Amino acid sequence: MKSLDRGTSTVRRERTAPDAIRSVSGFERFDYVDVFTVSSRAAGDRTPEEWARAGIEAATRIGGQFVWRTLLGLRLERESSPDHVGGWTIADRGDEWIRLAASSWFMTAHLVFRIDDGQASIATIIRYDLPIAPLIWLPVAVAHRRALPRLLHHAEKAVRRTNTSEREGVVA
């Protein structure tokens, strides 16, 4: 496990998914997984969907859409809706997790946000659907592993900011 410090909180990277994430991954088999976790007092203050919206929708504004749509060819909706987060389909959810899904012509990707015990985690789980998939995904994964800690930090800041605004009676 590798830690990445960003000021007030530390994001840890795990190369294997814990059972709590594997069990809701939506895949019987997959070819790539990484999990990033941030410890945060604000973790339980918002639902997994709210964490996902805070992180993924911010990523759509900072280049995520280019990577997802252009480099990876993921078929995403144009706008968020009750059934989509940053264009990703809400595939399933539970009290402590939400799974987003998207696919391209060569791979299927799931993002799982899990909230528990003062922690928020995001797992990226990829299934290669064609032999060319690792040739495309693995170079992109290098940048992905640098971007995910920023995504989690941004989501945490947004959740804390919303909590502060609500405590102060300010509409966010």
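In this predicted model, a network of salt bridges links four residues, namely Glu49, Arg53, Glu57 and Arg93. Side chains of opposite charge can pair when their charged atoms come close. Across the protein, the count of salt bridges comes to 7.

Three further pairs can be described one by one. Arginine 29 forms a salt bridge with aspartate 31, with 2.9 Å between the closest N and O atoms. Both partners fall in the middle range of accessibility: arginine 29 is partly exposed at 45% relative accessibility, and aspartate 31 is partly exposed as well, with a relative accessible area of 37%. Another pair joins aspartate 129 to arginine 127, whose closest N and O atoms are 2.7 Å apart. Here aspartate 129 has a relative accessible area of 32% and is partly exposed, while arginine 127 is also partly exposed, at 26%. In the remaining pair of this group, aspartate 116 forms a salt bridge with arginine 114, the closest N and O atoms lying 3.8 Å apart. Arginine 114 counts as buried because its relative accessibility, 14%, is under 20%. Aspartate 116, in contrast, has a relative accessible area of 21%, so it counts as partly exposed.

Turning to the overall architecture, the protein contains 4 helices and 8 strands. Followed along the sequence, these elements appear in the pattern β-β-α-β-α-α-β-β-β-β-β-α. Of the 172 residues in the protein, 49% are buried. The protein exposes about 9000 Å², and carbon and sulfur atoms supply 50% of this area. Contacts also reach across the sequence: among those between residues at least 6 apart, 59% join residues at least 24 apart.

Strand β3, which spans residues 32-39, offers a good place to look at how strands are arranged. Because 7 of its 8 residues are buried, β3 is largely enclosed by the rest of the structure. Strand β2 (residues 9-14) pairs with β3 in the antiparallel sense, over 4 bridges. Within this pairing, valine 11 stands opposite valine 38 of β3. Strand β3 also runs antiparallel to strand β8 (residues 119-128), and 8 bridges join the two. One of the matched positions here is valine 33, whose bridge partner in β8 is isoleucine 125.

The interior can be followed through its nonpolar cores. The largest of them has 40 residues, of which Trp51, Ile56, Trp88, Leu100, Met107, Phe113 and Trp137 touch the most other members. At least two residues of this core come from each of β3, α2 (48-61), β5 (88-93), β6 (97-103), β7 (107-116), β8 and α4 (133-167). Helix α4 gives the largest share, with 10 residues. Apart from the largest core lies another one of 10 residues, including Ala17, Phe27, Val35 and Ala123.

What does tryptophan 88 touch, leaving aside residues up to four places away in sequence? The residues touched by tryptophan 88 are Ile56, Trp68, Leu74, Leu76, Asp83, Leu100, Ala101, Ala102, Ala109 and Leu111. Two of these names, Ile56 and Leu100, also appear with Trp88 among the residues that touch the most other members of the largest core.

How values were computed. Residues are numbered from 1 along each chain as its sequence is written. This is a predicted model: local features need pLDDT of at least 70, side-chain atom pairs count only at pLDDT 80 or more; totals for chains, interfaces and linings use all residues. Side-chain values use heavy atoms; hydrogens and water are left out. A salt bridge is a side-chain nitrogen of Lys or Arg within 4 Å of a carboxyl oxygen of Asp or Glu. Buried means under 20% relative accessible area, exposed over 50%, partly exposed in between (1.4 Å probe, protein chains only). Two strands pair if DSSP finds at least two bridges between them. Contact means heavy atoms within 4.5 Å. Accessible areas come from the Shrake-Rupley method with a 1.4 Å probe; for residues, only the protein chains shown count as cover. A nonpolar core is a set of buried Ala, Val, Leu, Ile, Met, Phe, Trp, Tyr and Cys residues joined through side-chain atoms within 4.5 Å.
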